Amino acid sequence: MWCPTPLARRANVLHRPAAFVDYTGATLLQATVRLLRDGHDVARISIDTVTGADVAATFGEAGLPVDQVRCLPYRGQLSSDDVVAFHRRQHRAGARVAVTCISSVYEVLRHEMPAYRLAPSAHSVRTALRQVLLHADSQAQEDAQIALGLASLSDGDGGLLKEVAALGATLARFAPDTYLIVTTRGPLHDATAGFTTLPMLRRLADRHERVQIGFGLGRSAAEAENLARRALSRARRVGPTTAVLSLRGDTDIVLETTMPPPQPAEANLAVVAQRVGLSVPTLLRLREVRAAAGETPLTSREVAEHLSVQQRTARRMLHRLELAGLAERLGNLASGTSGRPLTLYRLTL
């Protein structure tokens, strides 16, 4: 099947840096040139996987018409048989060439009609490799980040030392009822299932009436300590058994809380709102944006326009949702202008 990286991310089987090779831009333009060279009418083609917006952007830059180009964007439920059927329908309707990103589809179609296998350009492959290298370097730096935790317990440190040892961390008394946990980002990321939960909190809650833990991630001990203090302060506001992770950029994530959820229809959203630091009305509007988009990925610019907020605010919202496992990053959208590329997201909240 195609688009393996988004599928692998959704299946939670990626355990190392990964990037997908973009089939738009240089790849699509290269295919267009080759089709023209071979005498094909590129204004009347059928193409799968690539979105109509991507085709329009590439063809527009080349001065080519797109009104008779038929596209079948990638959707997770499509099979190769569905894609073959799409190209057959378009061929009967007048499409001159079938352009496919899927080798099995190409092997079927090439015996029935003019068909072209869309293969990534060298430029697209190099770009993907650079993204992987940058991601790997960034991940290595992030894994070396200092993670400090401040744990406030009601009845001494019973059970905490054992939990901290399993985390690969060290423990020291910070205040009469507060303990300092010292580790790094990597072990904390693994122990919290990617910053989504903290099983040790529930086990400690069996021993203590009050367990409030705040973790901070920073590039220095001072920064991590300041963030841990902020996280602990928020944990104390949320409830008697709560763990919070604070990151740079004013991002707080509630990893776990035993606070009973409110009733009834918006209960799940209220819990999510506590975790990601966004209001329930904002999450409701984001759900509306997701429903309107369907299977089409969204950019921070589109989210900003729908919510009537600044783009940096939308980026911060999407980043919080991504850390909480409620948004999936699918890659970058070439904007055709200078500046930061737009990141594509799929909302899952």
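Start at Arg-329, which counts as partly exposed at 35% relative accessibility (buried means under 20% relative accessible area, exposed over 50%, partly exposed in between, with a 1.4 Å probe and protein chains only). Add Glu-322 to the selection: its side chain and that of Arg-329 meet in a salt bridge, 2.7 Å from N to O. A salt bridge here is a side-chain nitrogen of Lys or Arg within 4 Å of a carboxyl oxygen of Asp or Glu. Glu-322 is partly exposed too, with a relative accessible area of 26%.

The model is predicted: local features need pLDDT of at least 70 and side-chain atom pairs count only at pLDDT 80 or more, while totals for chains, interfaces and linings use all residues. Residues are numbered from 1 along each chain as its sequence is written, and side-chain values use heavy atoms, with hydrogens and water left out.

Now show the whole protein chain. Its secondary structure comes to 14 helices and 13 strands; helices (H or I, at least four residues) and strands (E, at least two) are DSSP runs, numbered from the N terminus. Of its 349 residues, 42% count as buried. A search of the whole structure finds 9 salt bridges.

Next, select Arg-203 and Glu-163, whose closest N and O atoms are 2.7 Å apart in a salt bridge. Arg-203 lies in helix 9 (residues 199-205) and Glu-163 in helix 7 (residues 160-166), so this pair ties together parts that are 40 residues apart in sequence. Arg-203 is partly exposed, with a relative accessible area of 45%, whereas Glu-163 counts as buried at 13%.

Move to Asp-252 and Arg-230. They form a salt bridge with the closest N and O atoms 2.9 Å apart. The pair links distant parts of the chain, with Asp-252 in strand 10 (residues 251-257) and Arg-230 in helix 10, 22 residues apart. Asp-252 is buried, with a relative accessible area of 12%; Arg-230 is partly exposed at 26%.

Keep Asp-252 displayed and select Arg-234, found in helix 10 (residues 221-238). Which side chain of opposite charge is nearest to Arg-234? It is Asp-252, 4.2 Å away, and Arg-234 is buried yet has no salt bridge. For charge, Lys and Arg count as positive and Asp and Glu as negative; His and the chain ends are not counted. Leaving aside neighbours within four places in sequence, Arg-234 is in contact (heavy atoms within 4.5 Å) with residues including Val-244, Val-254 and Gly-277.

Finish with the cysteines Cys-71 and Cys-101. Cys-71 is partly exposed, with a relative accessible area of 24%, and Cys-101 is buried at 5%. The structure holds 0 disulfides, a disulfide being a pair of cysteine sulfur atoms within 2.5 Å.
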